[in-house]
Amino acid sequence: MSKLIQLLASNRKPTRPRALETSGDETTIYIYDAIVADDETAAWWGGVSAQSLVPEIRAIKSGTVHLRINSPGGDVFAAQAIVAAIRDTGAKVIAHIDGVAASAATVIASAAEEVVMSDGAMYMIHCAWTVAIGNAEDLTSTAALLDKTDGVIAGQYAKRSGKSADEMKAAMSAETWYTAQEAVDVGLADRIAENAPRAQASWDLSAYANAPKPKAAAPAPEPIDAITAEHRERQQQRMRMLNRINHQ
């Protein structure tokens with residue numbers, strides 16, 4: 001199975017939060033799902049559809065745009081379409097990484113003038129994926145397209161971070177997961193949010209090679225009645241042992 005399809009399938013949700021809210025001259029855009037190109041894909045696999053979201057973004061004229069991001073990634077070209085629409089608004093754009101910004105979600109974050117990470121949030125960059133079929137010439141052309149796509153994305157990360165495109169491409173090749181502080185240190189984020197609740201990302205990230213493994217759930221405590229019964233049984237065993245000793 002393609003890793004991109006695996007990512008969408010493993011994170012498919014029956015309902016999705018509203019993607020855009022406006023209050024006065026401030027607009028909040030929620031990227032709280034995987035990113036897909038069109039409504040048909042969103043209906044089948046779930047996800048934030050660029051087809052629906054881009055026209056709504058283009059209706060924004062100036063003001064301030066808050067990007068709230070908690071996304072496992074998705075279609076990079078859909079993400080680029082969202083980026084173009086955001087930049088064309090002329091608004092001040094602040095990205096808030098509330099949980100995880102992985103893959104294509106970081107491309108959207110790169111459109112912001114300021115990137116704010118919640119404590120515990122993560123930021124992941126990697127090289128582009130695709131699905132290909134055909135002969136050797138077809139696959140060679142696809143590989144060339146992927147390499148060109150990676151170059152464009154590395155350039156966007158380099159512009160935001162101040163690092164070279166080669167440095168960012170190396171980090172992409174390694175599928176690098178940054179903590180909030182590491183993202184700030186490398187220049188991909190500007191600061192860690194103060195007094196914000198610790199981020200929690202509830203996504204299946206198993207499609208990625210280096211995704212942090214979920215912590216094993218702590219064993220449930222034994223019921224008090226069971227502990228009491230066990231303690232009573234031990235005491236009774238001790239008493240029986242003492243009785244045997246005393247009667248010898």
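# Exercises on a predicted protein chain

Among the contacts in the protein chain with a separation of 6 or more, 70% are between residues 24 or more positions apart. The model is predicted. The chain has 9 helices and 10 strands, and buried residues make up 41% of its 248 residues.

## Exercise 1: helices α3 and α4

Task: State how α3 and α4 are oriented to each other, and describe the contact of α3 with α4.

Solution.

Step 1. Locate the two elements. Helix α3 covers residues 50-58 and helix α4 covers residues 76-88.

Step 2. Take the geometry. The angle of packing is about 10°, and the axes are 9 Å apart.

Step 3. Classify the angle. Angles under 35 degrees count as roughly parallel, so α3 is roughly parallel to α4.

Step 4. List the residues on each side. From α3 come Ala50, Leu53, Val54, Ile57 and Arg58. From α4 come Ala78, Ala81, Ile82, Ala84, Ala85, Ile86 and Asp88.

Step 5. Sort them by class. The contact of α3 with α4 has 10 nonpolar and 2 charged residues, and no polar ones.

## Exercise 2: Leu53 within α3

Task: Decide whether Leu53 is buried or exposed, and find which residues Leu53 touches beyond four places away in sequence.

Solution.

Step 1. Place the residue. Leu53 is part of helix α3.

Step 2. Compare its accessibility with the cut-off. Buried means under 20% relative accessible area. Leu53 has 2% relative accessibility and therefore counts as buried.

Step 3. Read off the contacts. With residues up to four places away in sequence not counted, Leu53 touches Ala19, Leu20, Ile29, Ile31, Val48 and Ile82. Ile82 is also one of the α4 residues in the contact of Exercise 1.

Step 4. Set sequence beside space for one pair. Leu53 and Asp39 are separated by 14 residues in sequence, and their C-alpha atoms are 9.7 Å apart.

## Exercise 3: helix α6 and its two partners

Task: Describe how α6 packs with α4 and how α6 packs with α7.

Solution.

Step 1. Begin with α4 and α6. These helices pack at about 40°, with their axes 12 Å apart. This angle makes α4 oblique to α6, and the crossing is left-handed.

Step 2. Name the residues. Val76, Phe77, Gln80 and Arg87 of α4 meet Thr149, Val152, Ile153 and Gln156 of α6. By class, the contact has 4 nonpolar, 3 polar and 1 charged residues.

Step 3. Turn to α6 (residues 136-161) and α7 (residues 165-173). The angle is about 115° and the axes are 8 Å apart. The crossing of α6 and α7 is right-handed.

Step 4. Name the residues here too. On the α6 side are Asp147, Asp150, Ile153, Ala154, Tyr157, Ala158 and Ser161. On the α7 side are Ala165, Met168, Lys169 and Met172. By class, the contact of α6 with α7 has 7 nonpolar, 1 polar and 3 charged residues.

Step 5. Look for a residue in both lists. Ile153 of α6 takes part in the contact with α4 and in the contact with α7.

## Exercise 4: polar contacts of two strand residues

Task: Which side chains make polar contacts with the side chains of His66 and Asp98?

Solution.

Step 1. Place His66. This residue is in strand β5 (residues 64-71), and at 15% relative accessibility His66 counts as buried.

Step 2. Find its partner. The side chains of His66 and His96 are joined by a polar contact of 2.9 Å.

Step 3. Add the wider contacts. Apart from neighbours within four places in sequence, His66 is in contact with Glu26, Thr27, Thr28, Ile29, Ile94 and His96.

Step 4. Place Asp98. This residue is in strand β6 (residues 92-102) and counts as buried, at 13% relative accessibility.

Step 5. Find its partners. The side chain of Asp98 makes a polar contact of 2.7 Å with the side chain of Tyr32. Another polar contact, also 2.7 Å, joins the side chains of Asp98 and Arg68.

## Exercise 5: a loop residue

Task: Determine whether Glu113 is buried or exposed, and which residues Glu113 contacts beyond four places in sequence.

Solution.

Step 1. Place the residue. Glu113 is in the loop between α5 (104-109) and β7 (114-117).

Step 2. Apply the cut-off. Exposed means over 50%; Glu113 has a relative accessible area of 53%, so Glu113 is exposed.

Step 3. Read off the contacts. Leaving out neighbours within four places in sequence, Glu113 is in contact with Ala91, Lys92, Val93, Arg160 and Asp190.

Step 4. Compare distances for one pair. Glu113 and Ile94 are 19 residues apart in sequence, with 6.0 Å between their C-alpha atoms.

How values were computed. Residues are numbered from 1 along each chain as its sequence is written. This is a predicted model: local features need pLDDT of at least 70, side-chain atom pairs count only at pLDDT 80 or more; totals for chains, interfaces and linings use all residues. Side-chain values use heavy atoms; hydrogens and water are left out. Axes are lines fitted to C-alpha atoms, for helices over the stretch in contact, and angles run from 0 to 180 degrees between N-to-C directions. Helices (H or I, at least four residues) and strands (E, at least two) are DSSP runs, numbered from the N terminus. Angles under 35 degrees count as roughly parallel, over 145 as roughly antiparallel, 65 to 115 as roughly perpendicular and the rest as oblique. Contact means heavy atoms within 4.5 Å. Ala, Val, Leu, Ile, Met, Phe, Trp, Tyr, Cys and Pro count as nonpolar, Asp, Glu, Lys and Arg as charged, and the others, Gly among them, as polar. Buried means under 20% relative accessible area, exposed over 50%, partly exposed in between (1.4 Å probe, protein chains only). A polar contact is a pair of N or O atoms within 3.5 Å; within protein, one must be able to donate a hydrogen and the other to accept it, and residues adjacent in sequence count only if both atoms are side-chain atoms. A crossing is left-handed if the near helix is turned anticlockwise from the far one by less than a right angle, and right-handed if clockwise.
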